[in-house]
There are 2 protein chains.
Amino acid sequence: LSKRILVITGNGKGKTTSAIGLIIRSLGHKKKVSLFKFFKSQPSGEDKILKNLGVKIFKFKKAFFFKPSKIPKDLKIECQRLWREVEKESENKNLVILDEINLALSANIIKKEVFKKFLNTTKSNIVCTGRNAPLWLQKIADTVSEIKEKKHIYIKGIKAQEGIEF
Amino acid sequence: LSKRILVITGNGKGKTTSAIGLIIRSLGHKKKVSLFKFFKSQPSGEDKILKNLGVKIFKFKKAFFFKPSKIPKDLKIECQRLWREVEKESENKNLVILDEINLALSANIIKKEVFKKFLNTTKSNIVCTGRNAPLWLQKIADTVSEIKEKKHIYIKGIKAQEGIEF
């Protein structure tokens with residue numbers, strides 16, 4: 001069976017949770033999985049459970065909030081560090097989740113040619129999540145799902161709830 | 001904290017996996033979860049893992065393929081049976097996933113008034129997945145995510161792969 005490239009993008013809720021669902025589905029078939037979380041450093045509800053199930057998780061050492069127009073240098077450095085982990089640690093995995101990498105690609109922090117080369121050479125199924133998936137990535141991908149936010153509780157001014165939003 | 005009603009709809013890949021991701025997130029916060037799978041009877045990769053994590057799973061005793069214009073009577077009966085399980089077993093849960101229930105609602109197998117009453121009285125967070133979520137449900141919901149299929153590998157004629165599609 002050949003590898004797949006899945007892209008989950010759009011402004012709606014459920015991109016990362018959808019990827020987590022894919023992890024669980026793969027684990028159910030005794031597949032090996034790695035999860036790389038770009039731009040995220042804080043623990044979230046699912047991490048401990050995924051670790052206990054044997055998923056290797058790699059993430060940022062600190063969180064960053066940034067505008068695509070002004071990307072801090074230390075964010076770029078941290079992104080490159082995690083990217084090297086991807087290149088090193090994604091081998092021999094059936095499923096590799098690159099959570100929020102679409103942001104790093106659209107902001108050109110990880111270069112198109114570098115990422116294309118990775119997709120060409122990897123033997124793993126790759127899932128790329130995050131808003132603004134670049135069109136060149138959508139063209140390469142086997143599946144592109146766009147999650148649209150039709151309505152969101154934040155709009156009504158209600159706070160995030162443990163276990164639902166994080 | 002008050003309960004939430006989340007709707008995940010649309011023709012794209014990732015509705016059920018997104019709900020599974022929410023389950024894992026909730027379990028990470030030590031919440032109690034029930035999963036009800038409408039129209040599905042076959043085992044899927046995630047079931048065993050979810051069960052081992054303490055999730056109670058209820059589903060159809062046999063699978064049905066049907067057109068909304070012609071719904072077999074035994075499907076309706078099976079749907080009502082599972083619905084009674086929902087009413088009975090969803091109490092004292094933090095999160096209740098009603099997988100594919102949108103189909104049952106749009107086909108009017110589970111009546112609007114019955115479901116509205118359930119949503120009014122339950123204390124659980126409710127997630128409804130499936131295509132064609134009725135508009136009345138989208139109006140009640142706190143969050144509505146629509147997953148659009150921009151591109152799908154099936155289109156290219158490649159077969160479903162274990163751990164990704166099921």
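These legends go with several views of a predicted model.

A few ground rules: because the model is predicted, local features need pLDDT of at least 70 and side-chain atom pairs count only at pLDDT 80 or more, while totals for chains, interfaces and linings use all residues. Residues are numbered from 1 along each chain as its sequence is written, chains are lettered from A and ligands numbered from 1 in the order in which they are written, and side-chain values use heavy atoms, with hydrogens and water left out.

**View 1. Chain A, start to finish.** Here you can trace 6 helices and 6 strands; these are DSSP runs numbered from the N terminus, with helices being H or I of at least four residues and strands E of at least two. Follow the sequence and you meet them as β-α-β-α-β-α-β-α-α-β-α-β. The radius of gyration is 15 Å, close to the 15 Å that the globule rule gives for 166 residues, so chain A is as compact as a globular protein of that length. (That radius is taken over C-alpha atoms, and the rule is 2.2 Å times the number of residues to the power 0.38.) Along its principal axes, the C-alpha trace of chain A spans about 45 × 40 × 30 Å. Buried residues make up 57% of the 166 in chain A; buried means under 20% relative accessible area, exposed over 50%, and partly exposed in between, using a 1.4 Å probe and protein chains only.

**View 2. A:I110, tucked into a loop.** Look between α4 (101-106) and α5 (112-121) of chain A to find A:I110. This residue counts as buried because its relative accessibility is 1%. Skip its neighbours within four places in sequence, and A:I110 is in contact (heavy atoms within 4.5 Å) with residues including A:F38, A:W83 and A:F115. Another of its contacts is A:C79, which sits 31 residues away in sequence but 7.8 Å away in space, C-alpha to C-alpha.

**View 3. Strand β2 of chain B and its partners.** Now switch chains: β2(B) covers residues 33-37, and 5 of its 5 residues are buried. B:V33, B:L35 and B:K37 point one way, while B:S34 and B:F36 point the other way. In a regular strand the side chains alternate between the two faces of the sheet. β2(B) pairs in the parallel sense with β4(B) (residues 95-99) over 5 bridges; strands pair if DSSP finds at least two bridges between them. B:V33 stands opposite B:L95 there. β2(B) also runs parallel to β3(B) (residues 56-59), joined by 4 bridges, and B:F36 has B:F58 as its bridge partner in β3(B).
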